[in-house]
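Thank you for making time this morning. I would like to walk through one structure with you, starting from its sheet and then turning to its rings and one further residue.

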Amino acid sequence: MYIPYGHQSINEADIQAVVEVLKSDFLTTGPKIEEFEQKVADYIGVNYAVAIANGTAALHAACYAAGISERDEVITSPITFAASANCILYCKARPVFADVDKETYNIDPEDIERKITNKTKAIIPVDFTGQPCDLDRILEIARKHNLIIIEDAAHALGASYKGKKIGSISDMTIFSFHPVKHITTGEGGMIVTNDQKLYEKLKLFRTHGITREESYLLHGREWKSQERMEEKEQKEEKSLKEKWKRDPKDYQGPWYYEQLELGYNYRITDMQCALGISQMDRLGIFIERRKKLVKQYNKAFSDCADIVIPKQLNYTESSWHLYVIQILNYNRREIFEKLREAGIGVNVHYIPVYTFPYYQRIGYQNVYCKNAEELYKHFISLPLYPDLTDKQQSYIIDTLKSLLK
Ligand SMILES: *Cc1c(COP(=O)(O)O)cnc(C)c1O
């Protein structure tokens, strides 16, 4: 028996949803994509959602839409998956690491403010383990310095901050649907926003920067959807066909499309979105189960002086992607290895990103985030996923406690 640290939960309805798409006309860009986007947008209470190939592509697209480019700096957390910083490098900008708070393990707003320079363009806060960052404070800093917030909520689908759903607060928020996350599409991701201009950029970026939408073609190289066009412009050119009728020499033919930007092929498929739609139906159940397991872990460890359980602020409601504890007074590696030997798939989230050889090679040798490095020495993630049984959890708890005697 091996208990992984995270695992998807797939039922018969999920399987049927994917099989139906396989029997339909569309395997990739079909009706399931918009349906999935709408379902997530409605759940969060946000105007726009763009489903995309994976969470990393979502971060890349968001950085692009934010206009991040050469000579810009973007502030993020070192206690995260590498993608939160790599997306900045994809846009040729420079990641700057602000330290995390000792208690919540989330990026420390005060250190964000210390790291701001006249090159800073955006902040990528990460809702680590599913607990939202101090978004009010980060928002305040962002407004003061005119910065864009791209929230990496890969851990935080279904979480909330001061009663507001994660995804409805920042300029753009990204999610991942990798199998260990709250819901899965195999690979998959999404960006949500209330800003129509950003939405349009994100959509173009997903498909090579190519469009055949009339509203784009009419007004050439500018991003403008029909709704945002001035009334005058709308009167001038009601449709591409009219324009071409009046100006037949411009008429190329009904195949016409244009590439307006340098985008990528970051499409998600209808098969994946059908799975996502079906998974969304159980998101509430998934989160409830995760919360119950966390409660049980917390209770079991409340009398252990050698374990620090994850601290939660009373105005945040985590959706609990990870259960991360600190091991004190013992050698973390030894405990980790013994748990693995016992068939328990513990993990460590995360190695501070700037310590990786690649980052060391590109100028991060002198970066030091004290809290991140201290915490990293003690972190262990225990298994947490909806299908983890109470019996398995008891085994994990008993095994760990017996090692700390
Ligand atoms: C999973 C994850 C991502 C990337 O998501 P993928 O879908 O695997 O590309 C980004 N940031 C964080 C914090 C993650 O945990």
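In this predicted model, strands E2 and E4 pair in the parallel sense, and four bridges hold that pairing, with Val74 standing opposite Ala122 in E4. On to E5: E4 pairs with E5 in the parallel sense as well, here over two bridges, and the bridge partner of Ile123 in E5 is Ile149. Between these two strands the chain passes through helix H6, going from E4 to E5 in a β-α-β crossover that is right-handed. Helix H6, residues 135-145, packs on the sheet and touches both E4 and E5, and its direction makes about 150° with that of E5. As for E4 itself, this strand is mostly covered, since four of its five residues are buried.

Let me now place these strands in the whole sheet. The sheet is open, has seven strands with mixed pairing, and is ordered E1-E9-E8-E5-E4-E2-E3. At its edges we find strand E1, residues 48-52, and strand E3, residues 94-97, each of which pairs on one side only. If direction is ignored, neighbouring strands of this sheet are turned by 25° against each other on average. At the E1 edge, the pairing with E9 is antiparallel and consists of five bridges, and Ile52 stands opposite Gly189 in E9. A further helix, H4, residues 83-90, lies across strands E2, E3, E4 and E5, running at about 145° to E3.

Next, the aromatic residues. How many aromatic pairs does the structure hold? There are 19 of them, and I will take two in detail. The pair of Phe36 and Phe177 is tilted, with 5.3 Å centre to centre and 55° between the planes. This pair links distant parts of the chain, 141 residues apart, with Phe36 in helix H2 and Phe177 in the loop between strands E8 and E9. Are these two rings buried or exposed? Phe36 has a relative accessible area of 0% and Phe177 one of 1%, and because buried means under 20%, both count as buried.

The second pair, Tyr297 and Tyr323, is stacked, at 4.6 Å centre to centre and with 15° between the planes. Tyr297 lies in helix H12, residues 283-301, whereas Tyr323 lies in strand E14, residues 323-327, and so the pair ties together parts that are 26 residues apart in sequence. Both of these tyrosines, Tyr297 and Tyr323, are buried. Beyond these pairs, Phe97, Tyr354, Tyr358, Tyr359 and Tyr364 form one aromatic cluster.

Two lysines also belong in this part of the talk. Lys162 lies over the face of Tyr315, at 5.0 Å from the ring centre, and Lys165 lies over the face of Tyr43, at 4.4 Å from the ring centre.

I will finish with Leu22, which has its place in helix H1, residues 12-22. With a relative accessible area of 49%, Leu22 is described as partly exposed, because exposed would require over 50%. Leaving aside residues up to four places away in sequence, Leu22 touches Leu27 and Met271. The C-alpha atoms of Leu22 and Asp270 are separated by 9.0 Å, although these two residues are 248 residues apart along the chain.

How values were computed
Residues numbered from 1 in each chain as written. Predicted model: local features only at pLDDT ≥ 70, side-chain atom pairs only at ≥ 80, totals over all residues. Heavy atoms only, no water. Buried < 20%, exposed > 50% of the residue type's maximum accessible area, 1.4 Å probe, protein only. Contact = heavy atoms within 4.5 Å. Phe/Tyr/Trp six-rings, centres within 6.5 Å; stacked < 30°, edge-to-face > 60°. Lys NZ or Arg CZ within 6 Å of the ring centre and 35° of its normal. Pairing = 2+ DSSP bridges. Axes fitted to C-alpha atoms, helices over the stretch in contact; angles between N-to-C directions. Right-handed = clockwise from strand over helix to strand, strands pointing away.
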